[in-house]
Every structure is written in structure tokens, then in C-alpha cells.
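This briefing is meant to be read with the sequence and the 3D view side by side. Please take a moment to look at both before going on to the notes.

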Amino acid sequence: MLRRDIVKAGASLSVLSMFGGVGTLRGARAADPAGTTVFDDTTVRQLAHRLSQQAYHAPEETLPAAIRDMNFDQFTSIAYRPEQALWHGEDLGFDVEFFPRGYLYRPRIEMYEVIDGKAAPVPYSPDLFTYGNPALRVEDSLGFSGLRIRAPINTPGVMEEFCVFLGASYFRAVAKGQNYGLSARGFADGTGDPKGEEFALFRAYWLEKPRSGVDSVVVHALLDSPSLTGAFRFTIRPGETTVFDVQTYLYPRKEIAQSGIAPLTGMFYFDANDRNHVDDWRPAAHDSEALSMWTGGGQQLWRPLRNPQDLQFSAFADVRPHGFGLMQRKRAFTDFEDLSLSYEKRPSLWIEPIGDWGAGSVDLVEIPTPNEVNDNIVAFWRPRDTMTAGHEYAFTYRMYWGWDTPWPTHMARVAATRVGASTDGSHTRFFDIDFDGAPFEHLPPNAKFHLQNRTSAGEIRNVVVEPNPDIHGWRATFEFDPKDARIAELDCSLANDQGTVSEDWVYRWTP
């Protein structure tokens with residue numbers, strides 16, 4: 001999977017023409033002569049349900065010869081004119097720009113504006129764009145491939161992009177002061193399966209025109225793939241933390257055994273815990289450093305990411321989870337030393353389920369990558385039960401794009417994980433884990449902590465726990481001897497005489 005260059009999938013038929021217009025759906029009026037149709041919160045849900053009962057139509061991606069073989073640089077040289085943005089100059093706090101078709105984004109994605117309960121197509125014209133190369137201008141009515149939403153997120157009165165929907169069902173956002181990093185998408189199917197993954201497409205969007213003074217914007221999206229359809233409603237609030245409230249209704253066309261809800265996708269190249277085969281001048285390079293989980297039983301888990309030698313699949317069984325996310329805790333420039341990529345400014349993304357998600361697992365897929373160009377990390381919720389055709393599945397959740405988890409904790413947290421060779425010259429590995437946080441704020445001089453640890457294979461030995469004054473926290477070190485094991489699951493937590501004081505550090509070791 002190329003970084004940010006998302007797999008193409010979807011359908012090319014007009015969403016409204018499939019049913020003769022949204023107005024032909026139950027309880028709605030027919031389209032008027034101007035092309036507008038009645039729209040409410042049930043419209044996309046009805047469309048998705050009807051679409052799931054029809055055969056899937058593969059996308060038509062034909063483009064004129066002038067742009068058929070467009071490369072990345074050519075694609076990015078076509079820029080939307082800011083003065084042509086939807087809602088530009090209306091003082092609504094938001095406006096919307098659109099992406100052209102071409103490069104990897106070939107399917108035509110339909111765009112609709114919703115005003116006072118009526119939807120109308122967003123008109124396309126080649127005059128909406130400027131062209132770095134005039135030969136790329138095509139007079140055909142090509143339509144759009146995606147959209148970006150802008151708001152004065154950093155400076156009052158200055159409209160800046162903070163959210164993008166582009167490619168398959170991928171989207172990403174930032175909080176105030178951040179740069180783009182990891183992505184989310186609507187649905188995952190078969191992620192990590194050697195047989196291959198199916199990528200669904202957001203094939204149409206409906207943008208509700210916000211009212212003046214409102215701090216949120218609402219976007220509806222219709223999902224389509226060979227295996228299922230879906231209706232999504234995003235209520236988006238940019239700020240110090242950018243929050244998406246997401247309502248989804250999914251309609252399988254066939255049985256889906258490997259479903260993924262609220263999937264997150266990012267990049268982990270290397271860090272102090274994993275520099276295998278990496279010869280790089282920087283201390284680290286990654287969108288996210290760990291998978292964080294807050295289980296239904298109340299455990300707080302921290303799973304450092306790796307760039308493995310072979311694909312690794314991990315599943316953390318749970319019931320009614322409080323949340324999970326791909327997190328970036330390292331926030332100093334010196335953590336990365338990269339002036340151009342600014343990994344320290346990339347968002348963490350936390351998923352908070354709303355309602356009872358039942359039994360399932362938080363799944364993590366780690367894919368080997370030789371560089372930082374590839375997205376190689378995927379995390380999502382997998383329901384325990386198989387999805388079956390003819391049923392509706394509803395999931396509601398909140399997404400927090402920001403600097404940290406959205407909830408405070410009294411537990412100590414993992415500040416760093418470092419792994420290296422043991423000094424004895426054997427294949428034994430040396431682990432160094434730093435903890436910081438609330439338990440260390442007002443310690444008596446004689447405070448003591450110990451490490452609770454276990455491993456599924458091999459042996460943990462020579463454990464040392466001591467203060468780390470530099471971070472106002474504590475450090476735990478140990479040696480791990482894998483013996484003959486090819487894989488081992490390690491976990492540990494810091495404790496005192498009263499019990500555990502830290503989140504649980506969990507780690508998969510492979511050679």
C-alpha cells in the first residue's frame with residue numbers, strides 16, 4: 001500500500017440515477033426540475049440498503065488521454081481556486097475545496113450540497129482549477145475525486161485545510177498546530193489476509209451547509225464495495241482536538257468473516273525499540289509509536305509498534321471496549337530531528353465506542369517496510385460474530401485527532417521503550433522501559449517500585465527498577481533470553497506494595 005496513495009475501488013453509476021433520484025425512496029418527494037432532491041438523515045441509509053440488494057458494479061475509470069497517465073507531480077500541480085470554494089466568503093466558519101480526477105484517484109465521486117433539507121449536485125467546471133501544465137486542462141465534465149474541508153483552525157480569519165476525504169474510504173484530519181500523519185477509513189475487510197484485502201469506496205458525499213455561528217460541519221457518505229454497502233454520518237468539530245462523531249450503518253452483500261470497524265492506518269519505520277536493518281541519521285521515524293487500548297475490564301494497555309521482518313498479526317480479545325488508538329506520545333523535535341517531516345506534530349487518533357460494541361478484538365497488523373514511504377500499520381475493531389448478508393449493522397463512535405488520549409489517567413504511562421543487544425555477547429536482548437506520570441508527582445524519599453512481568457516463552461532476568469530523575473519518573477530494565485523461541489509475548493507493569501501503578505506494557509518479540 002503506497003503511503004497516502006490509496007487503492008482505487010468503487011462504482012461509477014450515478015448514485016441518484018440508480019433509483020431515479022433520491023426522491024423515489026420511501027417517504028421522499030421526487031426531484032424537482034432544478035435537480036434538487038429531498039434529503040434527511042435517513043436518505044443515505046436508505047440508498048445504502050437499496051444498493052446492497054443489487055449486484056455490485058465495478059468502477060468505470062476511463063479518463064481522457066491527456067490525463068490518463070498523470071503522475072503524482074502532475075496531479076498536485078492542479079490546484080482548486082480558493083475563491084471558488086463551496087461557501088467561500090459566507091462567514092460560516094467552513095468552506096470546501098475539491099480534488100480533480102487523475103493519478104490514482106480515477107473514479108468519479110459525486111458531491112452534493114444540502115441546504116434546508118434539499119440536496120443538489122455540486123457543479124463541476126475545469127475553470128474551478130489552475131493548471132501547472134495547461135495540457136492537463138480537459139474540457140470534459142470530469143467531476144471530482146475527493147474533498148478537503150477548511151476552517152480557521154490556527155489563526156482567526158485564515159481558512160486552512162484540516163480534513164481530507166480522498167481515495168477509497170480513506171480520510172484524515174489534524175488538530176490545531178498539527179501536520180497530517182495517520183489516516184482512517186470507513187471499513188476494512190480482510191486486512192492482513194494473504195489472499196488480499198478488499199477496499200471499499202466512498203462513492204458519494206453530501207455536505208450540509210452549516211449555519212452561521214455553528215462550530216461543526218456535517219458530512220454524509222455512501223460506502224460501496226463488492227462485499228457490502230454503508231451509510232456514514234460525520235459531525236466534524238475542528239480545534240485543539242479535532243473530533244468526529246461517526247454514525248455508521250453497514251449492509252453486507254455477502255458473509256464477511258474479517259470485518260474491521262473504525263480502521264486506522266499509519267506508518268512505523270523505526271525507533272529505539274526497533275532499528276533492525278535501518279541505517280538512518282535520525283532517532284526515529286513514524287506516524288505513531290504504539291497501539292493504546294482501554295479494555296472493557298478497565299485495563300490500560302500500551303503496545304509499542306514494530307517494523308517486523310515478517311507480517312505480524314495480533315488480536316486483543318475484549319468485550320465492550322472503552323477505546324483504542326494509534327498514538328504518538330513523542331512531542332519534542334529532538335525525538336525525530338526531521339525539519340521537513342515534523343513527526344512530533346502528527347496526530348494521535350483515539351476511537352471511543354458509543355454504546356455496546358459487544359465481544360470482539362482490537363486487531364493490529366504490522367507489515368514489513370523498507371522505508372517510510374509505505375503505510376504498514378493497521379488497527380481496527382473486529383466483531384466476534386461474522387457479518388451476514390441481508391442484515392443491518394450499526395456502529396457509533398467518536399474519533400479524537402489530537403495530541404494525546406482525550407481522558408486523564410492516574411496511572412503511570414510508558415514514556416519510552418528501548419531495545420538492544422545484551423552486553424554478554426549472546427542473543428539475549430536488553431529492554432529499557434521508562435515510566436512517567438501522576439504516581440511520581442509527590443513521592444516520599446524512600447519510595448520503592450517493582451516490576452510485575454511475564455513472558456510466553458524464554459526467560460526474563462536481571463530486572464532493575466530505579467528512579468529516572470531526568471523525566472521525573474522511573475526506569476525498569478531487564479534482559480530477555482528467548483532460548484529456542486521464535487516468538488514471545490512479553491508484558492510488564494510497574495507496581496508498589498499497594499498494587500499496580502502503571503498501564504500494562506505489552507510487546508511481541510520476534511527474531
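How many residue pairs are in polar contact across the interface of domain 1 and domain 2? The rule finds 13 such pairs, both residues being at pLDDT 80 or more, where a polar contact is a pair of N or O atoms within 3.5 Å; within protein, one atom must be able to donate a hydrogen and the other to accept it, and residues adjacent in sequence count only if both atoms are side-chain atoms. This is a predicted model, in which local features need pLDDT of at least 70 and side-chain atom pairs count only at pLDDT 80 or more, whereas totals for chains, interfaces and linings use all residues. Residues are numbered from 1 along each chain as its sequence is written, and side-chain values use heavy atoms, with hydrogens and water left out.

**The two domains and their interface**

- The domain assignment of the chain gives domain 1 (37-402) and domain 2 (412-509), such bounds coming from an automatic or database assignment.
- The centres of these two domains, taken over C-alpha atoms, are separated by 35 Å, and their contact (heavy atoms within 4.5 Å) takes 14 residues from domain 1 and 13 residues from domain 2.
- Between them the domains bury about 1400 Å², with 44% of it on carbon and sulfur atoms; buried area is the accessible area (1.4 Å probe) that two parts lose on being put together, summed over both.
- In domain 1, the residues that lose the most area to domain 2 are N273, W302 and R329, which together make up 35% of what that side buries.
- Across this interface the rule finds one salt bridge, meaning a side-chain nitrogen of Lys or Arg within 4 Å of a carboxyl oxygen of Asp or Glu.
- R329 also appears in a salt bridge with E503, where the closest N and O atoms are 2.8 Å apart.

**Helix 1 and its surroundings**

- Helix 1 (residues 43-52) is mostly covered, since seven of its 10 residues are buried; helices (H or I, at least four residues) and strands (E, at least two) are DSSP runs, numbered from the N terminus.
- Buried means under 20% relative accessible area, exposed means over 50%, and partly exposed lies in between (1.4 Å probe, protein chains only).
- The buried residues of helix 1, among them V44, L47 and L51, pack against strand 1 (37-38), strand 12 (201-208), strand 13 (217-224), strand 14 (228-237) and strand 15 (242-252).

**Salt bridges in the wider structure**

- The structure holds 39 salt bridges, one of which joins R233 to D41, with the closest N and O atoms 3.2 Å apart.
- Because R233 lies in strand 14 and D41 in the loop between strand 1 and helix 1, this pair ties together parts that are 192 residues apart in sequence.
- E61 forms a salt bridge with R106, the closest N and O atoms being 3.9 Å apart; E61 lies in the loop between helix 1 and helix 2 (72-76) and R106 in the loop between strand 3 (95-99) and strand 4 (110-115), so the pair ties together parts 45 residues apart in sequence.
- Both E61 and R106 are buried.
- R137 and E139 meet through their side chains in a salt bridge of 2.7 Å, N to O; R137 is partly exposed, with a relative accessible area of 31%, while E139, at 55% relative accessibility, counts as exposed.
- Salt bridges that share partners also join D95, E97, R148, R150 and E161 into one network.
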